[in-house]
Every structure is written in structure tokens, then in C-alpha cells.
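Colleague: I'd like a close look at one part of this model, please. Pick the aromatic side of things, then follow the contacts outward as far as they take you.

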Amino acid sequence: MDNKRLEMLTNDDFNYIIQNEKRPLIMFFMAKWDENSKNMMWGLENIGHQYYDNVKVYGVDIDSAPLAAAKSNIISIPCIALYVNGVEKTRSVGIKSEEEVLAILRKHEVI
């Protein structure tokens with residue numbers, strides 16, 4: 001799942017990014033061993049590339065960054081959380097298509 005578009009965050013990176021990123025954020029909480037997470041990766045990478053000026057997409061592997069997952073009360077994966085100005089606006093648990101994620105971004109006027 002190595003890629004050039006979806007940066008994977010550590011526990012420390014997570015806190016810094018939430019507090020300092022100016023664009024809206026999608027935090028993709030996932031695990032490398034989870035097939036549903038793997039299936040969502042391509043669509044999120046595409047969104048991150050296509051809508052780079054509007055939203056930044058990051059990955060958070062719950063095994064590599066357990067404190068970030070705990071701080072966000074992640075109890076099921078895959079999970080996407082939309083943050084705007086450091087505040088979580090919405091989250092969605094379970095596998096989502098690229099179109100479903102785009103619909104969430106449109107609903108919250110990110111794109």
C-alpha cells in the first residue's frame with residue numbers, strides 16, 4: 001500500500017496536522033491487513049490528487065499510530081473523518097466508494 005499521494009501519519013504527525021493544516025482534511029483510519037481498507041485506498045488517493053487544492057487526504061494505520069486512533073475514538077475500520085479547521089465535522093465507517101466520499105465532501109461544501 002505504499003504510494004506517493006496518500007501520506008501515512010504517525011501519532012505525532014496526526015496531532016500536528018490536525019492543528020496546523022489550513023485545508024480541510026480527510027483522515028482515513030485503516031489497517032494494512034484489512035481488505036476493505038485496501039479496497040478504499042485507490043479512490044482516496046484519486047480524491048487526494050484530483051482535489052488537492054480543496055482537501056488533503058491522509059492515512060492513519062491504527063496499528064502504527066494507535067494513539068491517533070484512540071484520540072479519535074476509532075472503534076471500527078475503515079473509517080474516514082472530515083476535519084475542517086481542526087474540528088471533526090463528520091465521519092463515516094465502513095467501505096465507501098469514491099463517489100460516496102465525494103458526496104460527503106460536497107455536503108460539507110469542501111468541493
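**From the rings outward**

Modeller: Let's start with Phe-14, which is buried at 3% relative accessibility (buried is under 20% relative accessible area, exposed over 50%, partly exposed in between; 1.4 Å probe, protein chains only). Before going on: this is a predicted model, where local features need pLDDT of at least 70 and side-chain atom pairs count only at 80 or more, while totals for chains, interfaces and linings use all residues. Numbering runs from 1 along each chain as its sequence is written, and side-chain values use heavy atoms, with hydrogens and water left out.

Now the ring partners. Rings of Phe, Tyr and Trp (its six-membered ring) pair if their centres lie within 6.5 Å; planes under 30 degrees apart are stacked, over 60 edge-to-face, the rest tilted. That rule gives 2 aromatic pairs here. One of them is Phe-14 with Tyr-83: the ring centres sit 6.5 Å apart and the planes meet at 85°, so this pair is edge-to-face. Phe-14 belongs to helix 1 (residues 11-20) and Tyr-83 to strand 4 (residues 79-84), so the pair links parts that are 69 residues apart in sequence. (Helices, H or I of at least four residues, and strands, E of at least two, are DSSP runs numbered from the N terminus.) Tyr-83 is buried too, at 6% relative accessible area. Add Phe-29 to Phe-14 and Tyr-83 and you have one aromatic cluster.

From Tyr-83 we can step across to Leu-25, since Tyr-83 is on the list of residues that Leu-25 touches. Leu-25 is in strand 2 (residues 25-30), and with a relative accessible area of 3% Leu-25 is buried. Leaving aside residues up to four places away in sequence, the contacts of Leu-25 (heavy atoms within 4.5 Å) are Ile-17, Ile-18, Val-55, Lys-56, Tyr-58, Ala-81, Leu-82 and Tyr-83. For a sense of distance, Leu-25 and Asp-53 are 28 residues apart in sequence, with 11 Å between their C-alpha atoms.

Back to strand 4, and the loop that joins helix 3 (66-71) to it. Pro-78 sits in that loop, and the peptide bond between Ile-77 and Pro-78 is cis, with omega about -5°. Asn-73 is in the loop between helix 3 and strand 4 as well; its phi is near 55°, positive in a residue that isn't glycine. Asn-73 is exposed, with 57% relative accessible area. These two spots catch the eye because most residues other than glycine have a negative phi, and most peptide bonds are trans.

Now on to helix 4. Ile-104 lies in helix 4 and touches Ile-80, Thr-90 and Ser-92, again not counting residues up to four places away in sequence. Its C-alpha is 12 Å from that of Pro-24, although 80 residues separate Ile-104 and Pro-24 along the chain. Helix 4 also meets helix 2: on the helix 2 side the contact takes in Trp-42, Gly-43, Leu-44, Asn-46, Ile-47 and Gln-50, and on the helix 4 side Glu-98, Val-101, Leu-102 and Leu-105.

Last stop, the segment after helix 4, where you'll find Glu-109. Glu-109 has a positive phi of about 55° without being a glycine, and at 72% relative accessibility Glu-109 is exposed. That's a long way from where we began, with Phe-14 buried at 3%.
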